[in-house]
Amino acid sequence: VKDPSAACTVHGGIQSIVEKMKGCWIVSSLLVVLIAYILPRIYKIHVERNLSYPTDTVFGWFAVQTMLKYNTPGVYDAIQRLDLKENSTLLELCIGPGYGVQEALFYKGVKVIGVDISPDMVKMARENVQDAIDAGRASVELGDAQRMPFLQDESMDKVFHMNCCYFWDNPEETLKEIFRVMKPGGLMLAGVKFDQLQQWDAHPAFFKVRDENMFLNALKSVGFKKIKVKKVRLGSSCTGTRAMSGCPVHEGMHYTAIFAERPQR
């Protein structure tokens, strides 16, 4: 006669294995959800936050790399479209690490003022253009585009910003401040990627201005004239003063150029 306690032991062992397998399945499922859904969302939110306000963190580094890869070709191309003249002054907003300021300084005799809200980006940009700062051709200011007391009325010939207006809490007030510092007849070029923003489903907590018509209406309400919208598809990712053909282009590099003038008196 078989020992009944042995059968119980075997049954108990199988039951224990089944319970452990159930536990492993639950843990594995939680890990799958964490890896496939939660972590990407956390990453996206932190990168978006750092696109609006870059910091000296890991997520800030990823945000800067994204800017460098996808924005730089458009920035160089847009600056070329401004037709910068010798002895003119360019204001660039949301400069990030300062690659737009660096590019504008290649244009002979142009003075460049860069503004960013992030202390880390201002520090990086100043380091990148320190020689031009020392020579009096550039300055990099920490500030909000809605309040620029360090700039005099009607002092800027041209204004440029790329992927900047999304982050403005009050687009009308910010554009009023830009309008104030522009000379009559001065030109602003806003580089935007609203179509890509919609596809990306950007978080409204960081990307407040998410519609092209909203931005265009704000321009009109402030008093800008000769507003023109041009879709720009780059033929090469090597643009600007060092342009060459054949450099690979990613879909994320294309942009829309919105031109607007402060009217003459």
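Arg-81 is partly exposed, with a relative accessibility of 32%. Its salt-bridge partner is Asp-77, and the N to O distance between the two side chains is 2.6 Å. Asp-77 has a relative accessible area of 10% and is therefore buried, since the cut-off is under 20%. The model is a predicted one, and a search of the whole of this structure gives 15 salt bridges. Side chains of opposite charge can pair when their charged atoms come close.

**A pair within helix H3**

- Helix H3 covers residues 72-81 and holds both Arg-81 and Asp-77.
- The two residues are 4 apart, which is about one turn of the helix.
- This salt bridge joins a partly exposed residue, Arg-81, to a buried one, Asp-77.

**A pair between distant parts of the sequence**

- Glu-103 and Arg-242 form a salt bridge, and their closest N and O atoms are 2.7 Å apart.
- Glu-103 belongs to helix H4 (residues 99-104), while Arg-242 sits in the loop between strand S6 (225-232) and strand S7 (255-261), so the salt bridge ties together parts that are 139 residues apart in sequence.
- Glu-103 has 0% relative accessibility, so this residue counts as buried.
- Arg-242, at 43% relative accessibility, counts as partly exposed because the value lies between 20% and 50%.

**A pair within helix H7, and a network**

- Lys-176 and Glu-173 meet in a salt bridge with 3.2 Å between the closest N and O atoms.
- Both residues lie in helix H7 (residues 171-181), where a spacing of 3 residues puts them about one helical turn apart.
- Lys-176 is partly exposed, with a relative accessible area of 44%.
- Glu-173 is also partly exposed, at 33% relative accessibility.
- Asp-153, Glu-177 and Arg-180 belong to one network, joined by salt bridges that share partners.

**The chain as a whole**

- The chain has 265 residues, and 45% of them are buried.
- Its secondary structure consists of 9 helices and 7 strands.
- Of the contacts between residues at least 6 apart in sequence, 73% link residues at least 24 apart.
- The exposed area of the chain is about 14,300 Å², and 58% of this area comes from carbon and sulfur atoms.

Key. Residues numbered from 1 in each chain as written. Predicted model: local features only at pLDDT ≥ 70, side-chain atom pairs only at ≥ 80, totals over all residues. Heavy atoms only, no water. Salt bridge = Lys/Arg side-chain N within 4 Å of Asp/Glu carboxyl O. Buried < 20%, exposed > 50% of the residue type's maximum accessible area, 1.4 Å probe, protein only. Contact = heavy atoms within 4.5 Å. Areas by Shrake-Rupley, 256 points an atom, 1.4 Å probe, with all protein chains shown as cover.
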